[in-house]
Amino acid sequence: MHRVLVESSRPKLRNRKKLRYEDITVVDRSLLKRAVGAAALGNAMEWFDFGVYAYIADTIAEVFFPPTVSAGVRLIGTFGAFTAAFLMRPLGGLVFGPLGDRIGRQKVLAVTMIMMAIGTLCIGLIPSYSSIGVWSPILLVLARMVQGFSTGGEYGGATTFIAEYSPDKRRGFMGSWLEFGTLSGYVLGASVVTGMKAWVPHETLLDWGWRIPFLVAGPLGIIGLYMRLKLEETPAFQKHAEEAEKRGRSGEPFWKMFTEYWPALLICVGLVLVFNVTDYMLLSYMPTYLSEQLHLDATHGLLLIIVVMVVMMLIIMVGGRITDQVGRKPVMMAGCLGFLVLSWPLMLLVHDGGLVVTFLGLMGLGLLLLCFEVSMPSALPALFPTAIRYGALSIAFNISVSLFGGTTPLVMQSLISATGHDFWPAWYLMAAGAIGAVAVFFSRETANKPLWGSGPAVSSEAEARELMRASAKDG
């Protein structure tokens, strides 16, 4: 039923219409590179913070929470503050998403960048629990909420920005750069924390050393803001704004995304669920799982995750190109079925305890996660038309992340603490894979096709002329 509704909610393709030159967007390569770089940097900065927070969670637990409670309770409190940001993300998406559809993607992305930098910087300035008592965790939660509010408009805007700038035949490859930024931020954050834990005495780390990764957010934010302010608005939004002005309308009514496009919203929630549950499970929770549940040396555990991410970075561009060749759906379905079938055996390898075998289990999970890293940045924006793309994607994405993805570390730690069973991650990943498979089944294949509401986008004048000749023949 949903598939029928999704099909009927999209405009019918007019294959017989002869294309004119003005119907085709020839993408400026230099602008495309700048757009991808600015979007990826913002994503890298966001995930640098999330990576640092996740990998230094045990230290944050000691700094911000009373020593009179157990280590497990302090960790739950730390991941609770981590989760607080995700409670604000839907609100941020609700504000920044529709705003990006009205005033433009570039302006909103500049605002989210500076807000994210401020929130991260504030964490590095909060006094410890021993200094100000209960106000310490309260201020931590407030800073995380500022981060969450700004992040609510970040990913939806960044994916929209890259997708609307990219040629149709290279959208998967260009979108994979966004997740390259994600992994870069994680690797940088994990490397900084690993180096600090290896070479900085524990007392120094507790006293002031933990603040360093958060304080670098200020300079990074200024660089990212400068890059985003220098960008031009996407061709798709410019054309949409011009047409809306001619019609005397500013855009689609906000409520239409819920009444007319709800099937696409549901599909988006399902896709984001499997993407982010697996993402946060591997990249955010596994370092804590390895040290707290498997009693692996914290430095060794972080190094294993770093190596997994570096391998993913080395092949992510290849994966993006593959989605342009074979399509997004086969790659996403492979990831979903992989988690459904392989989560248990891979977690058995992780649970083995030996460094080599544990690494093989983690690497298997990383390769399955890569199926979503290479396809989601191009698949998700294509679910919605230009007029509501930023808003609909931001709202659906952040609702799903807040309910399922960002809560993963807290839910896992709570379930394991309550039951004493270590294999909850495997069951959770299997459930996410099953839900994701349903969402992929009902989605459309969008590789090598124009974005909904836009004409064809090509890489060169020659490709535009070839497309016009092919259109003339078909006509």
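Select A54, Y55, A57, D58, L75, K197, P287, T288, S291, E292, A298 and L302: in this predicted model, these residues line the second largest cavity. The enclosed volume is about 90 Å³, and a search of the whole structure returns 3 cavities of 30 Å³ or more. Colour the selection by element next. Helices α2 (29-55), α3 (57-64), α15 and α16 (298-326) each give two or more residues to this lining. The largest share belongs to α15, with 4 residues. Colouring by residue class instead separates the lining into 7 nonpolar, 2 polar and 3 charged residues.

**From the cavity along α15**

Keep α15 (residues 262-293) on display and add α20 (residues 389-405); the axes of these two helices come within 8 Å and cross at roughly 45°. Because of that angle, α15 counts as oblique to α20. The crossing is right-handed. To show the contact, select L265, C268, V269, V272, L273, N276, V277 and Y280 on α15, together with A392, L393, A396, F397, S400, V401, F404 and G405 on α20. What classes of residue make up this contact of α15 with α20? The contact divides into 13 nonpolar and 3 polar residues, with no charged ones.

**Back to α2, with α9**

Return to α2, one of the elements contributing to the cavity lining, and display α9 (residues 171-199) beside it. The axes of α2 and α9 lie 6 Å apart, and the two helices pack at an angle of about 35°. Here too a handedness can be assigned: α2 passes α9 in a right-handed crossing. Classifying the residues in the contact of α2 with α9 gives 17 nonpolar, 6 polar and 1 charged.

**The second largest pocket**

Now select E62, V63, F65, P67, R74, S128, Y129, S130, E203, L206, D207 and R211, which line the second largest pocket. About 240 Å³ of space lies within this pocket. Which helices supply at least two residues of the lining? They are α3, α6 (129-132) and α10 (202-207). Of these elements, α10 provides the largest share, 3 residues. Helix α3 also gives two or more residues to the lining of the second largest cavity, and can therefore be kept on screen as a link between the two views. In the pocket lining, the classes are 5 nonpolar, 2 polar and 5 charged residues.

**Last stop: α5 and α12**

Finally, display α5 (residues 105-123) and α12 (residues 217-229), whose axes come within 9 Å and cross at roughly 175°. Angles over 145 degrees count as roughly antiparallel, which means that α5 is roughly antiparallel to α12. On the α5 side, select Q106, L109, A110, T112, M113, I114, A117, T120 and L121. On the α12 side, the contact is made by A217, G218, G221, G224, L225, R228 and L229. Colour both sets by class: the contact of α5 with α12 comprises 9 nonpolar, 6 polar and 1 charged residues.

Methods. Residues are numbered from 1 along each chain as its sequence is written. This is a predicted model: local features need pLDDT of at least 70, side-chain atom pairs count only at pLDDT 80 or more; totals for chains, interfaces and linings use all residues. Side-chain values use heavy atoms; hydrogens and water are left out. Axes are lines fitted to C-alpha atoms, for helices over the stretch in contact, and angles run from 0 to 180 degrees between N-to-C directions. Angles under 35 degrees count as roughly parallel, over 145 as roughly antiparallel, 65 to 115 as roughly perpendicular and the rest as oblique. A crossing is left-handed if the near helix is turned anticlockwise from the far one by less than a right angle, and right-handed if clockwise. Contact means heavy atoms within 4.5 Å. Ala, Val, Leu, Ile, Met, Phe, Trp, Tyr, Cys and Pro count as nonpolar, Asp, Glu, Lys and Arg as charged, and the others, Gly among them, as polar. On a 1 Å grid over the protein atoms alone, a cavity is a set of points where a 1.4 Å probe fits but cannot get out, and a pocket is an open set with protein on both sides within 12 Å along at least five of seven lines; lining residues have an atom within 4 Å of a point. Grid points are joined across faces, edges and corners, and a volume is the space filled by probe spheres set on the points.
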